[in-house]
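Thanks, everyone. Let me put the structure up, and then I'll walk you through it.

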Amino acid sequence: MIINNNELKFTEKVILIDAAYINKVTTDLRQHFSQVIGRELPKADLPIFLECVAMDAAIQPGEHVLQVLFVYDKNQPKMEAFTTGDLKKELNDVAFKSQLGEFQLNTFEPSDMADREAFFLEAVKLVADAKEVKHLVVIPSETEYGDKLPEIFDKVDGKDSIHVLGMNPPSPSDKFHWEMMGYAVLQALGVRSDEL
């Protein structure tokens with residue numbers, strides 16, 4: 001496992017993202033809504049997407065440090081649906097500031113010993129077990145392994161909140177809050193509310 005407490009100190013607020021999943025959803029929504037509203041939508045703005053994800057997870061404006069961890073496949077090192085999407089060259093070990101605080105971005109690629117699913121689930125366990133993490137936001141690939149998250153969260157204590165974002169509501173759970181990711185994607189694509 002590349003992500004470990006010796007190499008990376010976690011902050012109180014961590015957003016863990018499956019890069020292939022958000023790239024696929026964003027690509028699909030961009031194509032669909034370009035037809036619906038009758039104009040070609042630009043590529044998505046990643047900082048806007050991350051801000052919306054954080055707000056959907058009830059993070060309020062302030063001087064927070066939000067750690068964003070992307071997990072990606074070796075054969076897909078770019079998120080083509082985003083203006084800034086090169087996970088190795090543009091999104092690793094960089095940061096940006098917004099009204100919510102500082103977003104610190106790091107990217108991780110599974111070794112040859114693990115696939116993205118196994119790596120992501122192991123990362124969820126590691127971050128969820130970290131005592132310093134109080135507010136956890138997870139965007140998994142729902143269709144591939146999203147059903148395995150409740151079992152992980154059932155064993156987690158000491159968190160102020162856990163939010164999972166996706167496109168299809170899972171079975172209700174008292175261990176985490178679920179939010180629709182589509183709104184964050186539409187904001188990042190520049191879709192105005194009056195166009196819908």
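First, a term: a salt bridge here is a side-chain nitrogen of Lys or Arg within 4 Å of a carboxyl oxygen of Asp or Glu. Keep that in mind. Next, the ground rules. This is a predicted model, where local features need pLDDT of at least 70, side-chain atom pairs count only at pLDDT 80 or more, and totals for chains, interfaces and linings use all residues. Residues are numbered from 1 along each chain as its sequence is written, and side-chain values use heavy atoms, with hydrogens and water left out.

Now the overall fold. The protein chain has 6 helices and 7 strands. Those are DSSP runs, helices being H or I with at least four residues and strands E with at least two, numbered from the N terminus. Starting at the N terminus, the order is β-α-α-β-β-β-α-β-α-α-β-β-α.

What about overall dimensions? The C-alpha atoms fill a box of roughly 50 × 35 × 35 Å along the principal axes. The radius of gyration is 16 Å, which agrees with the value near 16 Å for a compact globule of 196 residues. That radius is taken over C-alpha atoms, and the globule rule is 2.2 Å times the number of residues to the power 0.38.

On to burial. Of the 196 residues, 50% count as buried. Buried means under 20% relative accessible area, exposed means over 50%, and partly exposed is in between, with a 1.4 Å probe and protein chains only. The chain exposes about 9,800 Å², and carbon and sulfur atoms supply 48% of that. The areas come from the Shrake-Rupley method with a 1.4 Å probe; for residues, only the protein chains shown count as cover.

Contacts next, meaning heavy atoms within 4.5 Å. Take the contacts between residues at least 6 apart in sequence: 73% of them join residues at least 24 apart. Threonine 26 is a case to look at. Threonine 26 sits in helix α1, residues 19-37. Its relative accessible area is 0%, so it is buried. Beyond its neighbours within four places in sequence, threonine 26 touches Ala44, Ala81, Phe82, Val185 and Leu189.

Back to charges. Side chains of opposite charge can pair when their charged atoms come close. How many salt bridges does the structure hold? There are 11 salt bridges.

Look at arginine 116 and aspartate 73. Their closest N and O atoms are 2.7 Å apart in a salt bridge. This pair links distant parts of the chain, 43 residues apart: arginine 116 is in helix α3 (116-129), and aspartate 73 is in the loop between β2 (64-71) and β3 (94-98). Is arginine 116 buried or exposed? Arginine 116 is buried, at 9% relative accessible area. There is also a network of salt bridges that links Asp18, Asp73, Arg116 and Glu144.

Second pair: lysine 148 and glutamate 117, at 2.6 Å from N to O. Lysine 148 is in the loop between α4 (142-145) and α5 (149-153) and glutamate 117 is in helix α3, so this salt bridge ties together parts 31 residues apart in sequence. Lysine 148 is partly exposed, at 36% relative accessibility. Glutamate 117 is partly exposed too, at 22%.

Third pair: arginine 192 forms a salt bridge with aspartate 194, with 3.4 Å between the closest N and O atoms. Arginine 192 is partly exposed at 44%, while aspartate 194 is exposed at 59%.

That's the tour. Questions are welcome.
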